[in-house]
Amino acid sequence: MWNLLKKNDECGKLLDLLEEAVGARPKAKSVGELTEALSPAERIHIASCKSCLEAAQDLLDAREIFKGVASDKEMARPWFATGVMAAIAAREKELSRTASAWLAVPKFASRLALASGALLIVASTWLYQRPLRAPSQQGSALGAQESLFEAPSSVNQDDVFVPVQENNP
């Protein structure tokens, strides 16, 4: 029936206006109350046209039938929306916890690099400015040796080595 009304241009336009009037006037109980916002020519057409009057009455009846039924927007679905939102919040909390742990690493690394650099500078200046010790006696004796193949000169010349086996008659 709705498609037949839309084929006629004038009745189709009026049907659209009636649908808007049903949404705009939720407390209208009759076709007269429903068509109060329309122009006088449109009200006369609805009153004279049987199909338009029947369509207006059908709209009022359909609204009355669905009056007690809640729309999807009004119906609370805690098992779905609340569960999904709780899962999203838990995942965000877990990700933020791991991200915050890794955010501390660059801060610690920069401080560690700064402390290491300062320690390296202090140690190098300390080693550079440290006085040298005097060389020991052994070091001077070894330093006098000119080549690896020469016998080292002994400091004490008193030692005499005698071979044990000699021909004694």
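What follows is a conversation about how the terms used for this predicted model are justified.

Tutor: In this predicted model, local features need pLDDT of at least 70 and side-chain atom pairs count only at pLDDT 80 or more, while totals for chains, interfaces and linings use all residues. Residues are numbered from 1 along each chain as its sequence is written, and side-chain values use heavy atoms, with hydrogens and water left out.

Student: Why is C49 not counted as part of a disulfide?

Tutor: A disulfide is a pair of cysteine sulfur atoms within 2.5 Å. The closest cysteine sulfur to that of C49 belongs to C52 and lies 3.7 Å away, so the pair is too far apart for a bond. C52 is likewise in no disulfide, its nearest cysteine sulfur being that of C11, at 3.4 Å; the structure holds zero disulfides.

Student: Why is C49 called buried?

Tutor: Buried means under 20% relative accessible area, exposed means over 50%, and partly exposed lies in between (1.4 Å probe, protein chains only). C49 has 16% relative accessibility and therefore counts as buried, and C52, at 2%, counts as buried too. Buried residues make up 12% of the 169 residues in the chain.

Student: What makes I88 partly exposed?

Tutor: The relative accessibility of I88 is 39%, so this residue counts as partly exposed. I88 lies in helix 6, which covers residues 78-129, where helices (H or I, at least four residues) and strands (E, at least two) are DSSP runs numbered from the N terminus.

Student: How many helices and strands does the chain have?

Tutor: The secondary structure of the chain comes to seven helices and zero strands.
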